[in-house]
Each structure stands twice: as structure tokens, then as C-alpha cells.
Amino acid sequence: MNGGENAANRKRKFVLRVPVTPEERALIQQKMAQLGTKNFSAYARKMLIDGYIVHIDTGPVRAQTAELQKIGVNINQIARRINSTGTVYAQDLEDIKGALTQIWQLQRSILSSQR
């Protein structure tokens with residue numbers, strides 16, 4: 001600010017305040033140091049105006065998680081039946097193999113969608 005300039009004549013008339021924790025303040029100071037700047041106002045303005053937000057669509061992962069939960073419920077039902085009867089039926093083994101196949105398919109789907 002020039003020596004004789006007062007708040008009414010400033011180009012930037014609005015002051016934004018953001019409370020931060022000591023840890024957040026330290027991180028901000030580290031990032032400023034990495035950029036080689038000591039002017040917080042200039043840094044904050046640049047980040048607020050030119051910064052960007054990364055939005056990750058977690059919908060597909062949530063859907064796959066729901067499918068995995070269903071598979072887990074089915075496996076638990078099989079385990080309860082085995083524990084209560086003491087007998088492992090061939091169909092139980094086939095159901096577990098099918099569940100494992102579904103899990104691997106979901107896993108491959110998750111991994112391929114991240115490329």
C-alpha cells in the first residue's frame with residue numbers, strides 16, 4: 001500500500017478471512033516456501049482464483065462395493081448353514097466358487113476403470 005493511500009482508495013475493497021488450524025497454517029507456509037513466495041495475499045488470491053477442484057466420481061466404486069456386500073452376505077449364509085448342519089454340500093462349494101469369480105470380475109473391473 002502506498003504511504004498515503006487509505007482503505008477507501010484500495011483497488012481490492014473486500015477482505016476474505018479463513019480460519020485455519022496450526023497444522024493447516026504450517027502446510028500453507030510449506031507450499032508458499034516451495035513456490036518461493038512470502039506474500040500470503042498474492043498466494044491466496046492466486047490459489048482461490050486459479051486453483052482447481054478435483055472431483056472423483058465414486059458412483060461406480062459404490063455400486064461395486066454394494067455388489068461385494070451382497071456376495072459377502074451370501075457367503076455368510078453358506079457358512080452359517082455349514083456350521084449348523086456340519087455338512088458341506090457340493091452346491092455350497094459351487095456357490096462359493098461363483099462368489100469368488102464375481103469378486104475377481106469386480107476387482108478387474110475396478111482396476112480397468114482406473115486406467
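A salt bridge, as I use the term today, is a side-chain nitrogen of Lys or Arg within 4 Å of a carboxyl oxygen of Asp or Glu. Please keep in mind that this is a predicted model.

By that rule the count comes to 4 salt bridges, and I will go through three pairs. Take Glu94 and Lys97: their side chains meet at 3.9 Å, N to O, so the pair falls within the 4 Å limit. Both residues lie in helix H4, 3 residues apart, which is about one turn of the helix. Glu94 is partly exposed, at a relative accessible area of 46%.

Next, Asp50 and Lys46, whose side chains form a salt bridge at 2.5 Å, N to O. These two are 4 residues apart in helix H2, about one helical turn. Asp50 is partly exposed at 44% relative accessible area, while Lys46 is exposed at 51%.

The third pair is Arg81 with Asp92, where the closest N and O atoms are 2.4 Å apart. Arg81 lies in helix H3 and Asp92 in helix H4, residues 90-113, so this bridge ties together parts that are 11 residues apart in sequence. Arg81 is partly exposed at 35%. Asp92 has a relative accessibility of 2%, so it counts as buried.

Now the pocket. The largest one has a volume of about 1000 Å³. It is lined by 25 residues, and the closest to its centre are Leu16, Phe40, Ala44, Arg45 and Leu48. Which helix gives the most to this lining? H2 does, with 8 residues. Helix H1, residues 22-35, is also among the helices that supply at least two. By type, the lining divides into 14 nonpolar, 2 polar and 9 charged residues.

Leu48 comes up again at the surface. Together with Leu16 and Ile49, Leu48 makes a nonpolar surface patch of about 400 Å². Leu48 lies in helix H2, residues 40-50, and at 65% relative accessibility it counts as exposed.

Last, two distances, both C-alpha to C-alpha. Pro22, in helix H1, is exposed with a relative accessible area of 65%. Pro22 and Trp104 are 82 residues apart in sequence and 44 Å apart in space. Ala66 is in helix H3, residues 59-85, and is partly exposed at 30% relative accessibility. From Ala66 to Leu111 the separation is 45 residues in sequence and 17 Å in space.

Technical notes: Residues are numbered from 1 along each chain as its sequence is written. This is a predicted model: local features need pLDDT of at least 70, side-chain atom pairs count only at pLDDT 80 or more; totals for chains, interfaces and linings use all residues. Side-chain values use heavy atoms; hydrogens and water are left out. Patches are made of residues with over 30% relative accessible area and no salt bridge: like charges are joined within 9 Å, nonpolar side chains (Val, Leu, Ile, Met, Phe, Trp, Tyr) within 5 Å. Accessible areas come from the Shrake-Rupley method with a 1.4 Å probe; for residues, only the protein chains shown count as cover. Buried means under 20% relative accessible area, exposed over 50%, partly exposed in between (1.4 Å probe, protein chains only). On a 1 Å grid over the protein atoms alone, a cavity is a set of points where a 1.4 Å probe fits but cannot get out, and a pocket is an open set with protein on both sides within 12 Å along at least five of seven lines; lining residues have an atom within 4 Å of a point. Grid points are joined across faces, edges and corners, and a volume is the space filled by probe spheres set on the points. Ala, Val, Leu, Ile, Met, Phe, Trp, Tyr, Cys and Pro count as nonpolar, Asp, Glu, Lys and Arg as charged, and the others, Gly among them, as polar.
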